[in-house]
Amino acid sequence: QAHLKKAACARPGRTVRFPWCLSTHFYTDNWENVQNFQARPDDILIATYPKAGTTWVSYILDLLYFGQTERQTSTPIFDRVAFLESTISPMGKDLADNLPTSPRLIKTHLPVQFVPKSFWEQNSTIIYVARNAKDNMVSYFHFDRMTRTQPEPGEWSSYIHRFMEGKMVFGSWYDHVNGWWKKKQTHSKLHYMFYEDLSEDTGREIDNLCSFLGLSRSDEEKKRVASGVQFDNMKKDDTTNYSTHCAMDFKISPFMRKGKVGDWKNHFTVAQSQQCDEDYEKKMKNSTLQFRTEI
Ligand code: A3P
């Protein structure tokens with residue numbers, strides 16, 4: 001079984017090129033089934049560009065809905081929250097179909113236009129999390145280094161350009177955050193959150209989530225959740241730190257790496273930062289989205 005798991009996660013993932021992105025077969029092999037996924041009205045879809053804080057928000061929702069049960073302490077987060085389009089063990093769509101919870105927590109990195117249509121038909125709740133481009137880029141770079149299912153990142157200096165060109169698994173960050181932001185303007189069951197806000201005041205963001213979801217939780221319960229999802233707590237918890245996941249090599253980098261706003265300053269040279277800012281201005285000039293790169 002362990003051997004099979006290893007083989008299923010071995011690098012290199014076969015590269016798949018879509019007009020909108022470069023992907024690996026791990027996220028496209030089940031495309032038709034994923035597109036035909038049957039959502040339910042009480043499903044909660046957690047949508048993000050990779051490395052924007054998916055696991056953080058997943059765990060917040062998991063604790064808000066289900067508390068600290070036996071399931072929490074024995075089942076890894078990637079078996080509690082189904083990664084819909086993933087074919088890496090566990091197979092996301094099958095896991096989602098069979099989740100025993102209500103609501104089902106399902107995560108996706110798909111750009112808004114590729115979300116299975118049943119989520120819109122069923123008017124399911126959606127939580128989108130966005131993170132500023134520079135920190136997102138740094139986090140993705142280290143993830144690509146340590147995850148066997150992602151393409152090799154190459155040098156940091158060239159990675160920045162690939163990111164700006166949108167030649168990434170799950171496509172352009174700029175299109176992703178803007179596409180979902182536009183959808184939020186017309187879809188009332190979509191809550192758009194920012195990693196930086198969560199980092200600044202987790203308690204406030206949990207309050208906002210509870211209001212949006214119509215959840216009444218006592219102050220004590222909310223405090224417990226805020227404390228449980230602190231970086232250090234999630235990092236030492238084997239059910240949330242991904243240490244048991246088959247595709248990751250922690251000798252290269254941990255999944256729970258730094259968890260900071262502004263770590264990009266340790267990676268970008270002044271020239272790289274300027275180039276990125278100029279490109280950002282052009283790509284985001286028609287957007288009303290505002291990101292913070294420091295708090
Ligand atoms: P870094 O690589 O910058 O440390 P995702 O879950 O979308 O893959 O995102 C992973 C990123 O979110 C990583 O960022 C990880 O450390 C960070 N993260 C996860 N849980 C966090 C928490 N509780 N507090 C702060 N950052 C967290």
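Helices and strands are taken here as DSSP runs, helices of at least four residues and strands of at least two, numbered from the N terminus. The model described below is predicted.

With that numbering, the loop between α7 (118-121) and β6 (125-130) can be located, and N123 has its place there. N123 has a positive phi of about 55°, although this residue is not a glycine. Its relative accessible area is 36%, and because partly exposed covers the range between under 20% and over 50%, N123 is partly exposed.

A second residue with such a backbone angle is Y242, which is likewise not a glycine and has a positive phi near 65°. Y242 belongs to the loop between α14 (231-236) and α15 (270-283). With a relative accessibility of 8%, Y242 counts as buried, because that value falls under 20%.

Another loop holds a notable peptide bond. S102 and P103 are joined by a cis peptide bond, with omega at about 5°. P103 is found in the loop between α6 (92-98) and β5 (105-108).

The text now turns to the packing of helices. Helix α8 (residues 133-146) and helix α9 (residues 156-165) have axes that come within 11 Å and cross at roughly 120°. That angle makes α8 oblique to α9, because it lies outside the ranges for roughly parallel, roughly antiparallel and roughly perpendicular. The crossing of these two helices, α8 and α9, is right-handed. On the side of α8, the contact is made by A133, M137, V138, Y140, F141 and D144, and on the side of α9 by W156, Y159, I160 and F163. By class, the residues in the contact of α8 with α9 comprise nine nonpolar, no polar and one charged.

A further pair is formed by helix α12 (residues 202-213) and helix α13 (residues 219-228), whose axes are 10 Å apart and which pack at an angle of about 125°. α12 and α13 are therefore oblique to each other. Their crossing, that of α12 and α13, is right-handed. I206, D207 and C210 of α12 make the contact with K222, V225 and A226 of α13. The contact of α12 with α13 divides into four nonpolar, no polar and two charged residues.

C210, one of the contact residues of α12, also leads to the question of the cysteines. At 3% relative accessibility, C210 counts as buried. C276 counts as buried as well, with a relative accessibility of 3%. How many disulfides does the model have, if a pair of cysteine sulfur atoms must lie within 2.5 Å? By this rule, the count is zero disulfides.

Note on methods. Residues numbered from 1 in each chain as written. Predicted model: local features only at pLDDT ≥ 70, side-chain atom pairs only at ≥ 80, totals over all residues. Heavy atoms only, no water. Axes fitted to C-alpha atoms, helices over the stretch in contact; angles between N-to-C directions. Parallel < 35°, antiparallel > 145°, perpendicular 65-115°, else oblique. Left-handed = near helix turned anticlockwise from the far one by under 90°. Contact = heavy atoms within 4.5 Å. Nonpolar A, V, L, I, M, F, W, Y, C, P; charged D, E, K, R; others polar. Disulfide = S-S within 2.5 Å. Buried < 20%, exposed > 50% of the residue type's maximum accessible area, 1.4 Å probe, protein only.
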